[in-house]
Each structure stands twice: as C-alpha cells, then as structure tokens.
Amino acid sequence: MLATNSPISYRQLPLRLYQIGPKFRDELKTRFGLMRAKEFLMKDMYSFDVSEETARESYSIVSAAYNRLFQQLEVPFVKVNAATGMMGGSLSHEYHYISPVGEDTLLQCRSCGFAGNSEVLEGKPASCPSCNSSNLQEVRGVEVAHTFLLGDKYSKPLGATFLNTSGKPQPLVMGCFGIGVTRVIAAALEVLSSEQELRWPRLLAPYDVCLIGPKQGSKEQPAAEVIENELLLKVGECCGHQELLHDDRKDLTIGKRLLEAKRLGHPLTIVVGAKSADLDSPKLEVHLSKGEKLELDVNEALKLVAEHSQHKKRLLMGSFPRETAESKSQSVGHQL
Ligand SMILES: [Zn+2]
C-alpha cells in the first residue's frame, strides 16, 4: 500500500499502521483449541520511519506498550531475544507465556529472570548471559507476541519510499509487531487455570462478580433474599452493573450453580446461602480463584469487590505496584 502511494513525505513519518483481524493458516497440526488453529485473530502493526535510528525509537515505543499490555494481563511472561528468521531484519524479540504446552524451548535464569530462546542462545550456555549465574533451567514457552526491526528488507524491493529533506526518494525503514489475540486468551487461561476451575486475567474476565442466591423453597430463602437484593444493588454500584452476573436460576441448587460459576472462572463468586439467614450475624460465602473460600459479612464482601475494582483501575492506568520477576526479566531483555 505504501509502495503504491510512494513517495510520501518525510513530514508524514513516523507512520504506524495496524489492524486486528482474522488470519488463516493451513496448519498441519491443529491442537489445543485456540492455541494452534487454522483461523485465529491477530493484531499486527507496521512502523515506517526515515532512518534506522528513528525506527529503533519506534521499536522501543511499541515494545514499551507491549510490556505494559502484558503486565496489565498479570500473567507471568518473559521477553526474549529472538532469531530474526524468515522475516529478516536486525532486531527481534518474542513474548512468551511459560507453560508445559508451549512449543518453544526457553532457557531461564532462576537468579535474575533473564530468558533466552534456545534457538538463539549459542549452544547451551553454562551460565546466564546477564548475571553469570549457573542457575539456569529449561522451560517451555507459548509465543504470544513478536516484534521485528525490519530495516529496508521489504521497502527496498517493493519500492516503498519517502522523499527526504532534500526531496530525494529513499526507502522507508520498517518495523513489524504482532500479538496473537486469540492465542493470548487461550494461553492465559492455560497458565492460570486448574483442572477444577477456569481462571481469567482480571481485565479479561467476562464479569467481576457472580452472585448466587438461595434455592427456591429452601427455609433460608426469605431472609437470604433480603440480603441478595441488597447485594444486587450495592455490588452493582461498586463494580458497575455490567460487571455483575446474577445467577437467579433458583430452581437449581447452590452447589450446581457454584460448580458452573467455577467453570466460567469469575474472579469473585458470592453465595447467599444458609448462613445468611442467621439474624445475629449473617454470613456470605465468597469464593476466590484457586479454590480459596471466605466467610464474610456483607460489608467485608463489598470491600473485597471494591478492592477488585480498584485493582483493575490501577492496571488500566498502567501502575504496577508489585515488582515482579517478570518485570525484571523484561528490563534485562530490553537491554539487548
Ligand atoms: Zn541471570
């Protein structure tokens, strides 16, 4: 497209064009659902610059945005130097989720978090290229994103040029950046979930809270429904009504609905059951991820919902209070 419209002016640069759309690949070994399918959703972007130097600036701006995105998803990830391979170019990084179902072999340092793709690291190094520790382990990685600095590898043969300050045509200097959107979802669930329950990254969960009321005809129903209605209002005000799923299928037992809630993977599930009918100190059952269960009164439960919403807000604003091993490994990877 840029070649057809060439030459554009240096004043129009840098230019970054992206799309999110379906891709098709004649995959021979389709498996793991969305992880390796013939059709998938991908975000890809191409950057166009006047020089190698400004192209590197674009590369580091986009890389910083990728780091931010993967931190926001709160799934442990590593960023590794990658082989430039068939895309060519001079600089390339991959983002991986560590999981036994991964198809890449990575070497990770237990001391500083540095990770490398074993197809890039020469042979099998005995010590960490970053901190010299010998505490290296082999792990499997699922590639969820990839960045390349392409230079003029494609712009030159295709004749995609711009007019420089002296009015002379010159090849655009390109970068390319991809995120496997469907793969991120599948791999994140793979990493976070257990056999018994699904677990979403907080920002991707379809709902923040699932509210399960008493069973129709149970003896606690009248008292519990008063609390259920109060929660319906207050939880909705706290996290936003669109983030609250009310499982009002009262013909089903609480146990059956709770099992389904775990399979859907809500970050918080609040059960208004038998103990909520205790007039002196009514209690709710609050189920968190990883099978954790708390017995709380209404205010304590609402506080938990508020904390969850605040945490999401902080993530969206890009503030990450916890210094994690992952964020350390990124900064190391970023030094190239
Ligand atoms: Zn190290």
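Two strands count as paired here if DSSP finds at least two bridges between them. With that in hand, take the small sheet of this predicted model: three strands form an open sheet in the order β1-β9-β10, and the pairing is mixed. The edge strands are β1, residues 8–9, and β10, each of which pairs on one side only. Strand β9, residues 161–163, runs antiparallel to β10, and the two are joined over three bridges. One position to look at is L163, which stands opposite P169 in β10.

Let me step back to the whole chain. The protein has seven helices and 16 strands. Its C-alpha trace spans about 85 × 50 × 40 Å along the principal axes. Of the 336 residues, 44% are buried. If you take the contacts with a separation of 6 or more, 65% of them come from residues 24 or more positions apart. The domain assignment gives domain 1 as 8–192 and domain 2 as 209–317. The C-alpha centres of the two domains lie 41 Å apart.

Now back to the end of β10. L172 sits in the loop between β10, residues 169–171, and β11, residues 173–180. Is L172 buried or exposed? L172 has a relative accessible area of 0%, so it is buried. What is it in contact with, neighbours within four places in sequence left aside? The list includes L2, I8 and L13, then F48 and D49, then G151, D152 and S155, and also A160, T161 and F162. For a distance along these lines, the C-alpha atoms of L172 and E52 are separated by 9.4 Å, with their positions 120 residues apart along the chain.

L13, one of those contacts of L172, also takes part in a cis peptide bond, which joins it to P14 with omega at about 0 degrees. P14 is in the loop between β1 and β2, the latter being residues 15–24.

Next, backbone angles. Most residues other than glycine have a negative phi, and most peptide bonds are trans. There are two residues to mention on the phi side. E74, not a glycine, has a positive phi of about 60 degrees. E74 is placed in the loop between α1, residues 52–73, and β4, residues 77–81. Its relative accessibility is 25%, so E74 counts as partly exposed. N132 is not a glycine either, and has a positive phi of about 70 degrees. N132 belongs to the loop between β7 and β8, and at 60% relative accessible area it is exposed.

That loop leads to the metal site. The protein donors of the zinc ion are the SG atoms of C109, C112, C128 and C131, at 2.3 to 2.4 Å from it. What is the arrangement of the four donor atoms? They subtend angles of 107 to 112 degrees around the zinc ion, and therefore the arrangement is tetrahedral. In sequence, the donor residues are spaced C-x2-C-x15-C-x2-C. C112 lies in the loop between β6, residues 104–109, and β7, residues 115–117, while C131 lies in the loop between β7 and β8, residues 136–151, so this pair ties together parts that are 19 residues apart in sequence. As for accessibility, C112 is buried at 17%, and C131 is partly exposed at 33%. The cut-off matters for C112: buried means under 20% relative accessible area.

Last, the five-stranded sheet. It is open, with the order β13-β12-β14-β15-β16 and mixed pairing. At the edges stand β13, residues 244–247, and β16, residues 293–296; each has a single partner strand, so one side of each is left without a neighbour in the sheet. On average, neighbouring strands of this sheet are turned by 20 degrees against each other, direction ignored. Strands β14, residues 268–271, and β15, residues 284–287, pair in the antiparallel sense over three bridges. Within that pairing, I270 has V286 of β15 as its bridge partner.

Two helices go with this sheet. Helix α5, residues 254–264, packs on the sheet and touches β12, residues 209–212, as well as β13, β14 and β15. The direction of α5 makes about 170 degrees with that of β12. Helix α6, residues 298–317, lies across β12, β14, β15 and β16, and runs at about 130 degrees to β16. That is the set of features I wanted to show.

Technical notes:
Residues are numbered from 1 along each chain as its sequence is written. This is a predicted model: local features need pLDDT of at least 70, side-chain atom pairs count only at pLDDT 80 or more; totals for chains, interfaces and linings use all residues. Side-chain values use heavy atoms; hydrogens and water are left out. Helices (H or I, at least four residues) and strands (E, at least two) are DSSP runs, numbered from the N terminus. Buried means under 20% relative accessible area, exposed over 50%, partly exposed in between (1.4 Å probe, protein chains only). Contact means heavy atoms within 4.5 Å. Axes are lines fitted to C-alpha atoms, for helices over the stretch in contact, and angles run from 0 to 180 degrees between N-to-C directions. Donors are N, O and S atoms within 2.8 Å of the metal (3.2 Å for Na, K and Ca); water is not among the atoms, so sites may look incomplete. Four donors count as tetrahedral if all angles lie between 85 and 135 degrees; four count as square planar and six as octahedral if opposite donors are over 155 degrees apart and all others between 65 and 115; anything else is irregular. Domain bounds come from an automatic or database domain assignment.
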